[in-house]
Amino acid sequence: MPIVSRDVHIDVPLSNLVVGFEPTNTIAQDLYPIVNVEKQSNVFFKWTKGDFFRVPDTTIRAPKTKGRTVAYNVSSDTYYAKNYALVDEIDYETMVNADAPLQLREKAARNLSNLLMLDYENRVASQLRSGSNLGSNAAVASKWNSSASGTSDPFADIQTAKSAIRSTTGIDPNTIIFGRDVYNALLRHADILERIKYVQRGVVTKDLLAALFDVENVYIGNAIINTGEENQADSFSSVWGKDTIVGHFAPPSADGREPSLGYSFRWTNPMFGTPMAVESWEDPDHGNYMNMRVQYYQDEKIVAPELGYLWTSCVD
C-alpha cells in the first residue's frame, strides 16, 4: 500500500492561529472624563446655573453708592465609587496541559479587562439612553431609515436637540452618539448623500457626519452584549440600540471644572494598585490553581443633564 500524506504527518495545533471573538470599539472611556478621587465616597459642588446668566435690571451705579450687589449659589451632589472586579481561576493541570498557542494566562487577563470595559460601556449607555436622566428626550417622528428623499429629516432633528441644549445652557453640544443601526441608516440617507455627492468620493464617514452636523465628535455605538445565561443559548443585543444622543462632554483631560454631561469618579487609593491592572496569586489553601483578577473603583454620574438630548427609535 503506497504512503499517503496522513502517514508522514501527525496533525498538531497551529502555533500562530487561534480563532476567537472579543469585545472591541467601546466608547464610554471617550465620553465621561475620569476624575481621580482620594475617597471612595464624597460630596462635590455644583454652581447654580441660573445665577450666572441673571443680569440685574440695571448695572448703572449712582454716585456715592458701591453698585448693584449680585450673588450666586452652590449646591452639592455625591458619588460612591463601587468596586468592579472579575476573577479567573486557572488550575495547574489546565495550565500545564494547554497547548502553547492558547496562551491561557494572557487570554484570561485580556478577557477580564474586556468584560469590565463592556460592563462600563453598558452602564454609561444605560444612563444616556434613559430619557429621565437627560434634559430632553423624544421619539423621532419620521424614521431615518427611509430611503426616499424628504421623508425624514435627521438634520432638523439634530438641530432641534442642539438648540434645546443651547437654549438653557448657552453651550453648544460638541458630540453626537449614534447607535450602529442608526449610523448604518445615515450612510444611505438620501438627504445626506445629496449634500456630499460632490465631496471627495461621496462616501459617508463619521468624520463627514461630524462636519455635516457641525459637532467636534461623532461616536458610533458598536458594542454588543450577550444577555444569555452561561451554558444557555446566546442572546446578543446592541448596547446603544437605535437611539441617538446629542450632548456636550468635556475632553478626557478635564479636571472636573469644565461643564460636561457626565463624569467618572475613580477611586485611586494606592493600597489597591493601578486601576484595571492584572493581579495574580496562588490559591492560599493549596487548591492547585491560580487566581487572576482585574478591578477598579468607579462611579459614573450624569452631572449636568441639561447638556444632553436623547432621540429614541431613530430607525425601525
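**Exercise 1. Environment of His 189**

Determine where His 189 lies in this predicted model and whether the residue is buried or exposed.

*Solution.*
Step 1. His 189 belongs to the loop that connects helix 5 (180-187) with helix 6 (190-196).
Step 2. The relative accessible area of His 189 is 0%. Buried means under 20%, so His 189 is buried.
Step 3. Two polar atom pairs involve the His 189 side chain. One is a polar contact with the side chain of Ser 152 at 2.8 Å; in the other, the side chain of His 189 reaches the backbone nitrogen of Asp 191 at 3.1 Å.
Step 4. With neighbours within four places in sequence left aside, His 189 is in contact with Trp 144, Ser 146, Ser 152 and Pro 154. Ser 152 therefore appears both in this contact list and as a polar partner of the buried His 189.

**Exercise 2. Salt bridges**

State how many salt bridges the count gives, and explain which parts of the chain the pair Lys 49 and Glu 306 ties together.

*Solution.*
Step 1. The count comes to 12 salt bridges.
Step 2. In the salt bridge between Lys 49 and Glu 306, the closest N and O atoms are 3.4 Å apart. Lys 49 sits in the loop between strand 2 (41-47) and strand 3 (74-80), while Glu 306 sits in the loop between strand 13 and strand 14 (308-312), so the pair ties together parts 257 residues apart in sequence.
Step 3. Lys 49 counts as partly exposed because its relative accessibility is 32%; Glu 306, at 25%, likewise counts as partly exposed.
Step 4. Arg 68 and Asp 57 also meet through their side chains in a salt bridge, at 2.8 Å from N to O. Both residues lie in the loop between strand 2 and strand 3, so this pair ties together parts 11 residues apart in sequence. Arg 68 is exposed at 52% relative accessibility, and Asp 57 is exposed with a relative accessible area of 71%.
Step 5. Glu 194 forms a salt bridge with Lys 197, with 3.0 Å between the closest N and O atoms. Glu 194 is partly exposed at 48%, as is Lys 197 at 42%. Elsewhere, salt bridges with shared partners join Asp 119, Arg 123 and Glu 300 into one network.

**Exercise 3. Pockets**

For the largest pocket and the second largest pocket, identify which element gives the largest share of the lining.

*Solution.*
Step 1. The largest pocket has a volume of about 970 Å³. Its lining holds 29 residues, and those closest to the centre are Phe 45, Lys 46, Trp 47, Gly 256 and Arg 257.
Step 2. Strand 2 gives the largest share of this lining, six residues. The lining of the largest pocket divides into 18 nonpolar, five polar and six charged residues.
Step 3. The second largest pocket holds about 820 Å³ of space. Among its 22 lining residues, Pro 23, Asn 111, Leu 115, Leu 118 and Asn 226 are the closest to the centre.
Step 4. Helix 3 supplies the largest share of the second lining, six residues. That lining divides into eight nonpolar, eight polar and six charged residues.

**Exercise 4. Cavities**

State how many cavities of 30 Å³ or more the search finds, and describe the lining of the largest cavity.

*Solution.*
Step 1. The search of the whole structure finds two such cavities, and the largest cavity has a volume of about 60 Å³.
Step 2. Residues lining the largest cavity include Trp 267, Phe 272, Pro 275 and Tyr 296.
Step 3. Strand 13 (residues 289-302) gives the largest share, three residues.
Step 4. The lining of the largest cavity consists of five nonpolar, five polar and no charged residues.

Conventions. Residues are numbered from 1 along each chain as its sequence is written. This is a predicted model: local features need pLDDT of at least 70, side-chain atom pairs count only at pLDDT 80 or more; totals for chains, interfaces and linings use all residues. Side-chain values use heavy atoms; hydrogens and water are left out. Helices (H or I, at least four residues) and strands (E, at least two) are DSSP runs, numbered from the N terminus. Buried means under 20% relative accessible area, exposed over 50%, partly exposed in between (1.4 Å probe, protein chains only). A polar contact is a pair of N or O atoms within 3.5 Å; within protein, one must be able to donate a hydrogen and the other to accept it, and residues adjacent in sequence count only if both atoms are side-chain atoms. Contact means heavy atoms within 4.5 Å. On a 1 Å grid over the protein atoms alone, a cavity is a set of points where a 1.4 Å probe fits but cannot get out, and a pocket is an open set with protein on both sides within 12 Å along at least five of seven lines; lining residues have an atom within 4 Å of a point. Grid points are joined across faces, edges and corners, and a volume is the space filled by probe spheres set on the points. Ala, Val, Leu, Ile, Met, Phe, Trp, Tyr, Cys and Pro count as nonpolar, Asp, Glu, Lys and Arg as charged, and the others, Gly among them, as polar. A salt bridge is a side-chain nitrogen of Lys or Arg within 4 Å of a carboxyl oxygen of Asp or Glu.
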